[in-house]
Amino acid sequence: MNNFIKEWLPYIVIALIIIILRTYVITPVIVKGESMEPNFIDGEVLFLSKISYKTKDIKRFDVVVVNTDNDLIIKRVIGLPGEKVEYKDNKLYINDEIVEDIYQKDNTADFDIEDICKKSKDYCTTIIPEDKYLVLGDNREVSADSRLKGFFSTDDIKGKIVFRLWPFNKIGIIEN
């Protein structure tokens with residue numbers, strides 16, 4: 001019995017460490033579909049940091065994984081709580097000021113917070129409600145995002161994409 005424990009203990013410890021890391025710290029996710037093109041392509045393997053937002057705030061243009069209808073999707077944070085957000089003539093306006101959106105693939109159809117409020121379960125008028133975020137795909141023409149699903153709460157955001165593992169020619173840290 002002692003021989004068995006000595007032989008298998010390192011493997012058991014390694015397995016437990018991997019399980020704990022994957023459950024609470026970092027986990028792989030695979031890009032599905034075209035909604036994040038050209039920045040993230042279908043089939044790419046990314047790492048999601050589950051602890052990023054335990055120590056830092058969610059920021060505009062962070063790439064996050066959100067839970068929607070028991071499905072995990074990858075999107076980009078555009079609007080933060082308390083902000084007035086609108087797209088007009090393919091330009092992003094935050095609190096009536098133009099903000100450069102370098103991540104969008106094509107044109108973004110005009111919309112504002114009131115349009116999203118109609119789809120959201122939350123009461124809101126012209127600003128994003130407290131503890132809610134507006135997220136969009138980079139490929140706006142095909143993305144099912146806040147424009148269709150409403151705002152996402154902090155609890156819906158499972159973490160931040162921090163690293164690209166596959167394909168190997170694009171391996172590296174994700175800055176935004």
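**Charges over rings**

I began with Lys 88, which lies over the face of Tyr 93 at 5.1 Å from the ring centre. The model is predicted, and I read every value below with that in mind. Next I looked up Arg 76. Its charged end sits over the ring of Tyr 103, 3.7 Å from the centre.

**Aromatic pairs**

How many aromatic pairs does a search of the whole structure find? I noted 5. One of them joins Phe 61 and Tyr 103. I recorded 5.3 Å centre to centre and 50 degrees between the planes, and the pair is classed as tilted. The two residues come from distant parts of the chain, 42 residues apart. Phe 61 is in the loop between helix 2 (52-55) and strand 3 (63-68), and Tyr 103 is in the loop between strand 7 and strand 8. Both residues are buried. So Tyr 103 has the ring of Phe 61 as its aromatic partner and the charged end of Arg 76 over its own ring.

**Phe 61 and Asn 95: backbone**

I checked phi next. Most residues other than glycine have a negative phi. Phe 61 departs from that sign, with phi near 75 degrees. Is Phe 61 buried or exposed? It counts as buried because its relative accessibility is 11%, under the 20% limit.

Asn 95 also has a positive phi, about 50 degrees, and is not a glycine. I placed Asn 95 in the loop between strand 6 and strand 7. Its relative accessibility is 40%, so I entered it as partly exposed.

**Cis peptide bonds**

Most peptide bonds are trans. I logged two entries of the other kind. The bond from Glu 37 to Pro 38 is cis, with omega near 5 degrees. Pro 38 is in the loop between strand 1 (26-30) and strand 2 (45-49). The bond from Trp 166 to Pro 167 is cis as well, with omega near 5 degrees. Pro 167 lies in the loop between strand 11 and strand 12 (172-173).

**The four-stranded sheet**

I then traced an open sheet of 4 strands. Its order is 7-6-5-8, and the pairing is antiparallel. Which strands are at the edges? They are strand 7 (97-99) and strand 8 (111-112), each pairing on one side only. Strand 5 (residues 85-88) pairs with strand 8 in the antiparallel sense over 2 bridges. I looked up the partner of Glu 86 in strand 8, and it is Asp 112.

**The largest nonpolar core**

The largest nonpolar core holds 15 residues. Which of them touch the most other members? I wrote down Ile 78, Val 85, Leu 92, Ile 113, Leu 134 and Phe 151. Strand 5, strand 6 (91-94), helix 3 (113-117) and strand 9 (132-136) each supply at least two residues. Helix 3 gives the largest share, 3 residues.

I followed Leu 92 further. Beyond its neighbours within four places in sequence, its contacts include Ile 78 and Val 85, two of the core residues just listed. Phe 61 is also in contact with Leu 92. From strand 7, Leu 92 meets Glu 97, Ile 98 and Val 99.

**Buried charged residues**

Two charged side chains caught my eye. I found Glu 83 in the loop between strand 4 (71-79) and strand 5. Glu 83 is buried because its relative accessible area is 10%, under the 20% limit. What does Glu 83 contact beyond its neighbours within four places in sequence? The list is Arg 60, Ile 78, Ile 94, Asn 95, Ile 113, Thr 126, Ile 127 and Ile 128. Two of these names, Ile 78 and Ile 113, are also in my core entry. I took one C-alpha to C-alpha distance as well: Glu 83 and Ile 41 are 30 Å apart in space and 42 residues apart in sequence.

Arg 164 is in strand 11 (residues 157-166). At 11% relative accessibility it counts as buried. A polar atom of its side chain lies 3.1 Å from the backbone oxygen of Asn 39. Beyond its neighbours within four places in sequence, I noted contacts of Arg 164 that include Asn 39, Phe 40, Glu 44, Val 45 and Leu 46. Others in the list are Lys 170, Ile 171, Gly 172 and Ile 174.

Technical notes. Residues are numbered from 1 along each chain as its sequence is written. This is a predicted model: local features need pLDDT of at least 70, side-chain atom pairs count only at pLDDT 80 or more; totals for chains, interfaces and linings use all residues. Side-chain values use heavy atoms; hydrogens and water are left out. Two strands pair if DSSP finds at least two bridges between them. A nonpolar core is a set of buried Ala, Val, Leu, Ile, Met, Phe, Trp, Tyr and Cys residues joined through side-chain atoms within 4.5 Å. Buried means under 20% relative accessible area, exposed over 50%, partly exposed in between (1.4 Å probe, protein chains only). Contact means heavy atoms within 4.5 Å. Rings of Phe, Tyr and Trp (its six-membered ring) pair if their centres lie within 6.5 Å; planes under 30 degrees apart count as stacked, over 60 as edge-to-face and the rest as tilted. A charge sits over a ring if NZ of Lys or CZ of Arg is within 6 Å of the ring centre and within 35 degrees of the ring normal. A polar contact is a pair of N or O atoms within 3.5 Å; within protein, one must be able to donate a hydrogen and the other to accept it, and residues adjacent in sequence count only if both atoms are side-chain atoms.
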